[in-house]
Amino acid sequence: MATTMLRIALQKSGRLSEDSYQLFKECGIRFDYGTGKLKSVSSNFPAEFLFLRDDDIPGYVEDGVADLGIVGENVAVETGRAVQTVHKLGFSKCRLSIAIPRGETYNSLHDLNGKNIATSYPRLLGNYLAEQGVTAQIHEISGSVEIAPSIGLAEAVCDIVSSGSTLLSNGLKEVETIFRSEAIMIASNDLEAEKQALLDKLLFRIKAVQAAKNNKYIVLNAPNHALEQITSLLPGMKSPTVTPLATEGWSSVHSVLNENDFWENIEAIRAAGAQGILVIPIEKMIY
């Protein structure tokens with residue numbers, strides 16, 4: 001009897017590809033990955049990986065050729081394929097923005113009424129302009145969008161921005177963000193029960209890795225008279241672990257602290273009398 005196996009589509013090259021591979025590695029899932037490979041079977045998890053162009057992944061998932069895929073949210077929305085988003089992955093974050101030549105004046109989006117805008121994302125741009133009541137001519141082009149104003153094709157562009165350096169080097173300035181994107185996992189709308197069970201196992205691992213990235217393990221020495229104040233700043237997963245030290249009047253406190261609260265809470269903990277504070281990365285975190 002054949003073993004049920006998930007077929008997972010990944011971008012075959014680029015930053016999203018590298019980040020996706022790293023995620024599966026942190027989840028303990030091993031498979032061969034390298035330039036030129038078209039597919040690979042995991043040696044320790046029932047999954048086969050397909051390496052595709054990012055624009056093709058939503059279509060493969062919709063058609064059931066792949067069960068799952070990892071793509072940028074911008075790609076999933078732009079293609080308009082009938083797939084479900086099962087989890088946001090938190091990496092490969094970027095934004096889709098409108099940019100104009102640096103020397104041009106910009107007051108509001110309505111400055112673009114009647115203008116030409118070059119983009120590789122006509123669906124996202126068209127929907128946004130319609131929502132804002134702006135009428136512009138959208139010119140769909142693939143690649144080298146930033147050159148459009150300098151060759152007279154358009155007065156503005158709408159493209160993916162990470163650092164903004166590409167816009168800057170082409171004499172453009174970002175004036176309007178229309179969509180924020182990150183890597184997402186998409187799935188077929190018709191997953192069989194056995195494959196849904198495998199997806200649930202995969203998501204369990206992914207969420208444990210993500211929780212670990214967002215938290216730090218804290219170990220510190222605290223004077224007993226300040227324990228209540230210090231532990232109130234370290235809620236942990238349930239509550240901090242407190243054990244007495246050999247030095248009378250002192251205890252060791254172990255806990256978990258969210259990355260977003262880290263610096264503010266650490267300063268308050270020090271001010272309360274904590275000493276010898278150790279901050280340790282967490283590899284996995286399971287609630």
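This is a short tour of a predicted model, moving from its domains to a helix pair and then to a salt bridge.

Begin by colouring the chain by domain: domain 1 takes in residues 6–91 together with 183–212, domain 2 covers 94–181, and domain 3 runs over 214–281. If you then place a marker at the centre of domain 2 and another at the centre of domain 3, taken over C-alpha atoms, you will find 49 Å between them.

Next, select residues 212–284, the range that UniProt lists, in an unreviewed entry, as "domain: Histidine biosynthesis HisG C-terminal". Over this stretch the chain is 25% helix and 40% strand, and the C-alpha atoms at its two ends lie 5 Å apart.

Now turn to helix H1 (residues 15–26) and helix H6 (residues 193–213), whose axes come within 9 Å and cross at roughly 100 degrees, so that H1 is roughly perpendicular to H6. To see where these helices meet, show the side chains of Leu23, Phe24 and Glu26 in H1, and with them those of Leu202, Ile206, Val209 and Lys213 in H6. The residues of this contact comprise 5 nonpolar and 2 charged ones, with no polar residue among them.

Finally, select Glu48 and Arg7, whose side chains form a salt bridge with an N to O distance of 3.0 Å. This pair ties together distant parts of the chain, since Glu48 belongs to strand S3 (residues 47–52) and Arg7 to strand S1 (residues 6–11), with the two residues 41 apart. If you wish to continue from here, the model has a count of 12 salt bridges to look through.

Note on methods:
Residues are numbered from 1 along each chain as its sequence is written. This is a predicted model: local features need pLDDT of at least 70, side-chain atom pairs count only at pLDDT 80 or more; totals for chains, interfaces and linings use all residues. Side-chain values use heavy atoms; hydrogens and water are left out. Axes are lines fitted to C-alpha atoms, for helices over the stretch in contact, and angles run from 0 to 180 degrees between N-to-C directions. Helices (H or I, at least four residues) and strands (E, at least two) are DSSP runs, numbered from the N terminus. Angles under 35 degrees count as roughly parallel, over 145 as roughly antiparallel, 65 to 115 as roughly perpendicular and the rest as oblique. Contact means heavy atoms within 4.5 Å. Ala, Val, Leu, Ile, Met, Phe, Trp, Tyr, Cys and Pro count as nonpolar, Asp, Glu, Lys and Arg as charged, and the others, Gly among them, as polar. UniProt positions are given in the numbering used here, feature names are shortened, and annotations may be inferred rather than shown by experiment. Domain bounds come from an automatic or database domain assignment. A salt bridge is a side-chain nitrogen of Lys or Arg within 4 Å of a carboxyl oxygen of Asp or Glu.
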